Amino acid sequence: MKFSELMKALGHEDLNCITKYGEIKEYQDEYFYTINSQTSDLMQEIKSKVSEKKPMFPYLSDNKSLSDIDKPIKWDVLLSNKCETRSAKELIGKFYRGNRDPKSSFLDKGHLVAREFQKYICGQNEPTDNFFCKNVSSNIAYQFCDKNRRNGKERGQHQFEQAVMNWFQKANDTDSESKKVIVYYEVEPIFRKSGDKIPIGTRIFAFRETDTSDQVNNFISQSKKKDEFKITLPYHVFIPNYIEDYEVEKGLKVSEIAKDFRMFYAGDIESISKWYSHQNTSKNK
């Protein structure tokens, strides 16, 4: 079952949680979607939320403070190789550190604002700022391991984060004086419904200061071979949080798969972990 088929079974056939940002197109068997907006409005909105003095903008609702947030949220971030040395707490105030759920063999506690970005927000890599630890609820989301990292040629979230890091490295390598480099980064966990705890996927939009909307996702169209593209900025993508071969085990019905994932996205990890353990045991026999 593909991700789009699961969403249809869960009552989200039109994927409007993603299409509101622009036209979407699946790529590489739905391992990720590209999002192509026809205007630069979203770029301008992101730029209006952050600055070099205030490079982190958390999207809060219901008059809550960041210290009250106990689930992953949307972030706008400005990354710069010339940022001042400061702590995340100085930038955003107190934040809730409550994601102490047990480890899972098939789920990562994936960062939304990547740990590697600390240098370009806080001015230094070490020591690890408290915000980039594994238990900050507003910045940590449960993700299937291969969606957070990668699986063979299939790209995970880390490869898109690495493209941002590569751009800073490229700028440093080509300019001995290391000119100022700025990247805008928006990351949003997409939930099936408001009460859920685990996102159905992650939307990421990364672009440089001079990029325009018609340049977004050009890294795919410029590739000679479909599976050998190199991710470059600017990009706007959605990475589903899903196991593609879930239905393989004993021919599960669509209704059964939908029920398991409905429970999973609501926060019941056991609804999927029992199947996952059985699946791995079967493969190793």
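On this tour, two residues are in contact when heavy atoms of theirs lie within 4.5 Å. Keep in mind that you're looking at a predicted model.

**Stop one: R115.** Select R115, in the loop that runs between β5 (107-111) and α5 (118-122). Now bring up what R115 touches, skipping neighbours within four places in sequence: you should get N125, E126, T128 and F132. Zoom in on T128, whose side chain makes a polar contact of 3.0 Å with the side chain of R115.

**Stop two: helix α3.** Next, select residues 41-49, which make up α3. Colour L42, M43 and I46, since these are buried. They sit on the same side of the helix, because the arc they cover around the axis is only 105°. What do the buried residues of α3 pack against? Show four strands: β4 (75-80), β9 (182-190), β10 (201-208) and β11 (235-240). Then spin round to the face turned away from the buried side, where you'll find D41 and S48, both exposed.

**Stop three: strand β2.** Keep β11 on screen and add β2, residues 32-36. Four of the five residues in β2 are buried, so the rest of the structure largely encloses this strand. Add β1 (residues 23-27) as well: β1 and β2 run antiparallel and pair over five bridges. β2 also pairs with β11, again in the antiparallel sense, over two bridges.

**Last stop: Y33.** Click on Y33 in β2 and look across to E26, which stands opposite. Then turn to β11, where F238 is the bridge partner of Y33.

Technical notes. Residues are numbered from 1 along each chain as its sequence is written. This is a predicted model: local features need pLDDT of at least 70, side-chain atom pairs count only at pLDDT 80 or more; totals for chains, interfaces and linings use all residues. Side-chain values use heavy atoms; hydrogens and water are left out. Buried means under 20% relative accessible area, exposed over 50%, partly exposed in between (1.4 Å probe, protein chains only). The arc is that of the directions from the helix axis to the C-beta atoms. A polar contact is a pair of N or O atoms within 3.5 Å; within protein, one must be able to donate a hydrogen and the other to accept it, and residues adjacent in sequence count only if both atoms are side-chain atoms. Two strands pair if DSSP finds at least two bridges between them.
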